[in-house]
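Biologist: Before I rely on the labels attached to this model, I would like to hear what stands behind each of them. Could you take them one at a time?

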Amino acid sequence: MTIEEILDRLEGVKKHGNGRFMAKCPSHQDKTASLGVTEKDDRILLHCFGGCETRWVLGGMGLEMHDLFIDSHQDWKKPIKSRWSATQILEGLGEAMSEVVLLLTRQKTQKLNDLELDRLRHFSNTIIILCNEVTARG
Ligand SMILES: [Zn+2]
């Protein structure tokens with residue numbers, strides 16, 4: 001869940017500084033907002049200053065402990081920051097493919113030496129890496 005989804009289930013939510021919220025604790029008769037809600041790393045921290053245990057607070061919201069973990073789902077959708085520009089990828093692909101075609105053509109008539117085989121492996125690998133780079137961009 002996200003901190004917003006948690007806050008949606010609480011009443012009397014007030015913002016207390018950066019990323020910190022206070023709300024009415026759903027686990028006890030809370031007249032003042034005595035439940036602290038904060039986001040820390042990959043989870044949401046709940047603290048009732050009235051003394052309720054976290055699981056009781058969660059129970060009051062119909063949630064469980066695992067609901068306090070922030071979904072990393074949205075992070076997967078973020079594009080991976082690329083090291084190469086689109087032009088560099090295209091140029092790299094063109095270069096690698098022409099090398100591979102050249103070597104494969106030569107291989108038809110003569111046996112490639114170790115150096116040439118290394119080049120063939122290297123440029124085949126480059127093609128795969130660059131294709132993966134394009135795929136990762138979505
Ligand atoms: Zn409480």
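Biologist: What makes one face of strand β4 the covered one, and which residues lie on each face?

Modeller: In strand β4, residues 43–48, the covered face carries Ile44, Leu46 and Cys48, while Arg43, Leu45 and His47 belong to the uncovered one. Side chains in a regular strand alternate between the two faces of the sheet. Helices and strands here are DSSP runs, of H or I over at least four residues for a helix and of E over at least two for a strand, numbered from the N terminus. The model is a predicted one, in which local features need a pLDDT of at least 70 and side-chain atom pairs count only at 80 or more, whereas totals for chains, interfaces and linings use all residues. Residues are numbered from 1 along each chain as its sequence is written.

Biologist: How do you know that β3 and β4 are paired?

Modeller: Two strands pair if DSSP finds at least two bridges between them, and β3, residues 35–40, is joined to β4 by 6 bridges, so the pair qualifies, with the strands running antiparallel. Within this pairing, Glu39 stands opposite Ile44 of β4. β2, residues 20–24, likewise pairs with β3 in the antiparallel sense, over 4 bridges, and there Met22 stands opposite Gly36.

Biologist: Why are β1 and β4 called edge strands?

Modeller: The open sheet has 4 strands in the order β1-β2-β3-β4, with antiparallel pairing. β1, residues 11–15, and β4 each have a single partner strand, so one side of each is left without a neighbour in the sheet. From one strand to the next, the twist averages 25°.

Biologist: Why is Asp41 called exposed, and Trp56 partly exposed?

Modeller: A residue is exposed if 12 or fewer other C-beta atoms lie within 10 Å of its own, buried if 20 or more do, and partly exposed in between, with C-beta atoms placed from the backbone. Asp41 has 8 such atoms and is therefore exposed, while Trp56 has 15 C-beta neighbours and therefore falls in the partly exposed class. Asp41 is found in the loop between β3 and β4, and its phi is near 55°, a positive value in a residue other than glycine. Trp56 lies in helix α2, residues 54–61, and its C-alpha atom is 8.5 Å from that of Pro26, 30 residues away along the chain.

Biologist: What makes α4 and α5 a packed pair, and at what angle do they pack?

Modeller: Two packed helices are described by the angle between their axes and the distance between the axes. For α4, residues 86–109, and α5, residues 114–137, the angle is about 145° and the axes are 9 Å apart; axes are lines fitted to C-alpha atoms, for helices over the stretch in contact, and angles run from 0 to 180 degrees between N-to-C directions. Among the residues making the contact are Leu93 and Val100 of α4 and Phe123 and Ile127 of α5.

Biologist: How do you know where the prediction deserves caution, and where is confidence lowest?

Modeller: The pLDDT is the predictor's confidence in each residue, from 0 to 100. The protein chain averages 86, and 90% of the residues score at least 70. Confidence is lowest in helix α3, residues 73–77, at a mean of 47, and highest in β2, at 96. Where pLDDT is low, the predicted coordinates should not be read in detail.

Terms used: Contact = placed C-beta atoms within 7 Å.
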